[in-house]
Amino acid sequence: MGALEIINFYLVPGIVIGSIYALGAVGITLVFAILRYAHLAHGDLATLGAFLALGAVTLGGVSPYVALPVAMVLTAAAAVMIDKAFYAYLRERPKIVTVMASLGVALMVRAVVQVVWGVDSETYTRGIVRPDVWFGIRIRDRELITILAMIGLVLALHVFLQQSKWGKAMRAMSDNPDLALLSGVDNKKVVMLTWIIVGGLCAAAGVFLGLNYELKAMMGWTMLLPMFAAAILGGVGRVEGAVLGGLIVGIAEEMSTLFLPTEYKAATAFAILLLMLLVRPTGLLKGKVL
Amino acid sequence: MEWIGLANYAVFMAIFICIYALLSLGLNIQWGFTGLFNAGIAGFFAVGAYTSAILTSPAVEGRIGGFDLPVPVGWIGAMLAAALIAWPIGKICLRFRSDYLAIATIGVAEIIRLVIKSEDWLTNSARGITDIPRPFGDLPYVYSQLAYLAIVAGVLLVAYLMVERQIAAPWGRMMRAIRDNEDAARAMGKDVPFRRLEAFIFGSALMGLGGALFAHFNRTITPEAIDPMIATFLVWIMLILGGSGNNRGAILGVAVVWIIWSMSEIVTDQLPHEYAVKAKYMRVFLIGLMLQLVLRFRPEGLLPEPQGTREEVSEKSK
């Protein structure tokens, strides 16, 4: 097998799925670092975003790229409402109780998707898209857009976290919530802002997954493990780590099919997760360990 | 004769309640007494079911076993297998906060599901394992059901008494101390990760036993026998509603939730097909909502955990 074939059949799909994982993992790492719990409904929130975009595509007749911002805004609103309804009052209780609540929310969100959109798999557009060839590397438009959109969204988030007042407040709460509170950071607003960002990123991950593969009610749940593996691999609380982790997990999953039966693709993420917890729980970029 | 049908159904339900009660007791050891979040209950359940099935079913071409061993050997094997899977996971994850265990157990359950679905030589993949012997399975239907109910109820009683005894012992006190204040327990010289590992393994073994009882009751086991997410979640809501940290509460919660769950299924099955499918998901939604409501309004459950003897002593001394 030539180098070009490896790039075309393993590396490119790995980077594409890795970009999708990265979008989700950034959200997971933000919740983990700022709110300090593992959010198990993350994947199903992505499913919701993907299907909201499908709603916009079928009702409005727009292209999925136009539906993406709509879905991001709607999912962000859904995330804020879920937080207000199901997580906010658990804030004083041990964090693990919120993890449990999020497992319930995961089931509820998925049930809503299954009731509204049914259980059959769907696609945004019909027909086969032929890949373009650039110097022998075959890549489809939507794959290129997925990668570019991931880079764009993460850069925007990075600038926001580093430069803006609210971004600094978020980082302060991630470093030390009590100190942040004493310094006048409004915790409630930071929590809300976190959910807006996380909901938007979730929707983006879901829409791009639906665009490159297909939309299914279980699509987000199956993505949960790779997203967590990516967040922990990169280091909890590190946005750039989550991107790195997402890409590594995505590429490792695709490459694993060279040695393992395809059914066990999903096991790769799990192996990476356990390995990191065993050898270096702080992750590649030295994040937090809760 | 309508009432015979009803009685048969009641026995059937009671058997399921006993099986779920074993899972709930297992989870109570992990969550109720130790504070460990196991989101992969269905995985340990499946390991138990398949282990016992392989050990006790008659030999078949094309896959490992069956070894045609006596049923109790299968049950012990199921517990050992579930414990063996729990050990490395607990070893790696229990040094950290329970969030990591939650993620890892979701992963374990997923991997177990993949193995069961794709490994022909081990589990006969989609066709599953058939001809699993059932104790007293040769009797006429009603007697055989009743006999099996007696067996599962007996197993449950033994498990309940053993867990109660263990929790009342100094070991149980130590586990609660670790759950409630890890730092203080560590300062008292308790080996926190090791003790958590013990609780995780004991709980998982009970879940494996529950799986084995289920396989022998059904006589067959296939990858589609249970929906992993729903089964796991049902056990959680059973324990939380019943009262985590209280074994009687854990069993009461099973009875309440299982009766609501099966009754609502009977109702929705009457609906025309296109609504029946949607109604199934509405039930899942409502069970998720039920967890949120319990967490919000009655986090201690129907039967709260007994609060030790200190208050009673101070009451008397007044």
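# Exercises on a predicted two-chain model

B:Arg113 and B:Glu110 both belong to helix α4 (residues 98–118) of chain B, where they stand three residues apart, about one turn of the helix. The coordinates used throughout these exercises come from a predicted model.

## Exercise 1. A pair within one helix

Task: Determine what joins B:Arg113 to B:Glu110, and state whether each residue is buried or exposed, or falls between.

Solution.

Step 1. Begin with the spacing. An α-helix has 3.6 residues a turn, so residues three or four places apart point the same way.

Step 2. Examine the charged atoms. B:Arg113 and B:Glu110 form a salt bridge, and their closest N and O atoms are 2.8 Å apart.

Step 3. Classify each partner. B:Glu110 has 17% relative accessibility, which is under 20%, and therefore counts as buried. B:Arg113, at 28%, counts as partly exposed.

## Exercise 2. Further salt bridges

Task: State how many salt bridges the structure holds, and describe the surroundings of those made by A:Glu143 and B:Asp180.

Solution.

Step 1. Take the total: over all chains there are 15 salt bridges.

Step 2. In chain A, the side chain of A:Glu143 meets that of A:Arg140 in a salt bridge with an N to O distance of 3.4 Å. A:Glu143 is buried, its relative accessible area being 10%, whereas A:Arg140 is partly exposed at 24%.

Step 3. In chain B, B:Asp180 pairs with B:Arg179, with 3.0 Å between the closest N and O atoms. B:Asp180 is exposed, with a relative accessible area of 57%; B:Arg179 counts as partly exposed at 24%.

Step 4. Extend the search from this pair. B:Glu305 is linked with B:Arg179 and B:Asp180 in a network of salt bridges.

## Exercise 3. A buried asparagine

Task: Locate B:Asn247 and identify the side chains with which its own side chain makes polar contacts.

Solution.

Step 1. B:Asn247 is placed in helix α11 (residues 247–269) of chain B.

Step 2. With a relative accessible area of 0%, B:Asn247 is buried.

Step 3. Two polar contacts can be traced from its side chain: one of 2.8 Å to the side chain of B:Asn28, and one of 2.8 Å to the side chain of B:Glu164.

Step 4. Widen the view to contacts, leaving aside neighbours within four places in sequence. Among the residues in contact with B:Asn247 are B:Leu25, B:Phe33, B:Tyr160 and B:Val163.

## Exercise 4. The nonpolar core and an enclosed helix

Task: Describe the largest nonpolar core, and explain why helix α9 of chain B is said to be largely enclosed.

Solution.

Step 1. The largest nonpolar core has 210 residues, and those with the most contacts inside it are A:Trp195, B:Tyr20, B:Phe37 and B:Leu234. Helix α1 (residues 2–32) of chain B contributes the most to this core, with 15 residues.

Step 2. Follow one of these residues. Leaving aside neighbours within four places in sequence, B:Tyr20 is in contact with residues including B:Leu234, B:Met238 and B:Trp258.

Step 3. Turn to helix α9 (residues 192–218) of chain B. This helix has 27 residues and reaches 39 Å from its first C-alpha to its last, close to the 39 Å expected at 1.5 Å a residue.

Step 4. Of the 27 residues of α9(B), 22 are buried, so the helix is largely enclosed by the rest of the structure.

Step 5. Inspect the end of the helix. B:Arg219 follows α9(B) and has a positive phi, near 70 degrees.

## Exercise 5. The interface between the chains

Task: Establish how chain B and chain A meet, and which helix gives the most to the side of chain B that touches chain A.

Solution.

Step 1. Count the residues: 39 of chain B are in contact with 47 of chain A.

Step 2. Consider the area. The two chains bury about 4,100 Å² between them, with 79% of it on carbon and sulfur atoms. B:Tyr100, B:Ile103 and B:Met229 supply 17% of the area that chain B buries against chain A, more than any other three residues.

Step 3. Examine the polar and charged pairs. Zero salt bridges are found across the interface of chain B and chain A, while nine residue pairs are in polar contact there.

Step 4. Assign the elements. Those of chain B that give two or more residues to the side touching chain A are α3 (71–93), α4, α10 (228–242) and α12 (273–297). α4(B) gives the most to that side, with 13 residues.

Technical notes:
Residues numbered from 1 in each chain as written. Chains lettered and ligands numbered in written order. Predicted model: local features only at pLDDT ≥ 70, side-chain atom pairs only at ≥ 80, totals over all residues. Heavy atoms only, no water. Helix = DSSP H or I, 4+ residues; strand = E, 2+ residues; numbered from the N terminus. Expected span 1.5 Å × (residues − 1). Buried < 20%, exposed > 50% of the residue type's maximum accessible area, 1.4 Å probe, protein only. Core = buried A, V, L, I, M, F, W, Y, C linked by side-chain atoms within 4.5 Å. Contact = heavy atoms within 4.5 Å. Polar contact = N/O pair within 3.5 Å; in protein donor to acceptor, adjacent residues only side chain to side chain. Salt bridge = Lys/Arg side-chain N within 4 Å of Asp/Glu carboxyl O. Buried area = accessible area lost by both parts, 1.4 Å probe.
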